[in-house]
Amino acid sequence: MEIRTLASFVAVVDAGTVSAAAERVRVTQPALSRQLRQLERELGVDLFERVAGRLVLSAAGRSLLPLARDVLASAETLRTAARVQAEGGLDRVTIAAPATTLADVVSPFLASLRDDDPTTSVVETAALDVDDAMRRGADLVVTTRRPRRPLRSAALPELPVWAYVRADHAWADRGSVGLAELLEHDVVTVPPTFAARQVLDTAVEREQRWPASLVEASSGTVAQALAAAGRGVAVVSDDVRYGLRGLRVRSGGADLAVRLFVAWSSTHPAEASLAALAERLRTFVVAAYPDETGATGVTPAR
């Protein structure tokens, strides 16, 4: 059994079709189909079934997929360890994070990297948890939940959940707004998969107050665009756009904020390099958001 045939199997699952997977792994579609058939012969099971013209995982495929991901992750760890031993450092790093964090935190950090830093790629985590992201090749994962052992983590500064209004809004010159007052107005926010929405929903549940009207935008950028068009108050954690003014949202005597952590494996062959890069990311965020409370340094995850 070859690693590349396992990679082809996982690529088809992740891409959704053989043609899309072939583009991803840079082989022809017939070659990829042959690799899948070869793997099925070696395993003695059918990994896919054809339903309504589409390939879907069989019961065996669903059962074996996590094991295939583990094998690929172990192979990548071996490659990384070999590179570290051969070159004395880490030459490539993959950072995974939610979409808003990628845009407002990780991407600006990447722009600050030096010529001698590792080549860095990014992955949007969306609904993935830390373990899933690492199984898919991430070295550092930015997450809203403190990771557990044996992972290691560094706490990043909390990022505010903002209420964004137009410059001609009655609140434009204020520094903050209470949740109860905010909810008397039309609210434009992001879907429940976003951390800012989860923080808002938790506060709403705690105070048992509900918005006069709530519009769900596909992203924080779209929410701010709607606020700029006068369709309501955008409640997001994104950096400000469209000339809007930002107010802190107060609830229970504190500002609503998103907690972030950056995590990595304590068994990674370049663990020391990842810890140093995580600390640089933390320092960068502190400098980028000087009004926020700085977080403590690297700590073992609990």
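**Notebook: helix packing, cores and two single residues**

I began with the pair formed by helix 2 and helix 3, and I noted that the two are roughly perpendicular to each other. Their axes, for residues 18-25 and residues 29-43 respectively, come within 9 Å and cross at roughly 100 degrees, and I classed the pair as perpendicular because that class takes angles of 65 to 115 degrees. I should record here that this is a predicted model, so I read every value below as computed from it.

I then listed the residues through which the two helices touch: on the helix 2 side I found Val-18, Ser-19, Ala-21, Ala-22 and Val-25, and across from them, in helix 3, Gln-29, Leu-32, Ser-33 and Leu-36. Sorted by class, this contact of helix 2 with helix 3 holds six nonpolar residues and three polar ones, with no charged residues.

Next I looked up the confidence. The average pLDDT for the chain is 85, and 92% of the residues score at least 70. Over residues 292-302, however, pLDDT stays under 50, and I noted that the model nevertheless has 39 contacts for this stretch beyond four places in sequence.

Which residues touch the most other members of the largest nonpolar core? In that core of 42 residues, I found them to be Leu-140, Val-142, Leu-182, Val-262 and Leu-281. Helix 10, residues 271-288, gives the most to this core, with six residues. I followed Leu-140 further and, not counting residues up to four places away in sequence, found that it touches Thr-94, Ile-95 and Ala-96, then Val-262, Ala-263 and Trp-264, and finally Leu-274, Leu-277 and Ala-278. A second core, separate and made up of 16 residues, has Val-10, Val-12, Leu-47 and Phe-48 among its members.

I turned to Thr-100, which lies in helix 5, residues 99-111. Is Thr-100 buried or exposed? Its relative accessible area is 13%, and because the cut-off for buried is under 20%, I entered Thr-100 as buried. With neighbours within four places in sequence left aside, Thr-100 is in contact with Val-105, Phe-194, Ser-237 and Asp-238.

My last entry concerns Ala-60, which I located in helix 4, residues 59-87. Ala-60 has a relative accessible area of 25% and is therefore partly exposed. Apart from neighbours within four places in sequence, I found Ala-60 in contact with Val-45 and Asp-46; Asp-46 is 14 residues away from Ala-60 in sequence, and their C-alpha atoms are 6.9 Å apart in space.

Terms used
Residues numbered from 1 in each chain as written. Predicted model: local features only at pLDDT ≥ 70, side-chain atom pairs only at ≥ 80, totals over all residues. Heavy atoms only, no water. Axes fitted to C-alpha atoms, helices over the stretch in contact; angles between N-to-C directions. Helix = DSSP H or I, 4+ residues; strand = E, 2+ residues; numbered from the N terminus. Parallel < 35°, antiparallel > 145°, perpendicular 65-115°, else oblique. Contact = heavy atoms within 4.5 Å. Nonpolar A, V, L, I, M, F, W, Y, C, P; charged D, E, K, R; others polar. pLDDT = per-residue confidence, 0-100. Core = buried A, V, L, I, M, F, W, Y, C linked by side-chain atoms within 4.5 Å. Buried < 20%, exposed > 50% of the residue type's maximum accessible area, 1.4 Å probe, protein only.
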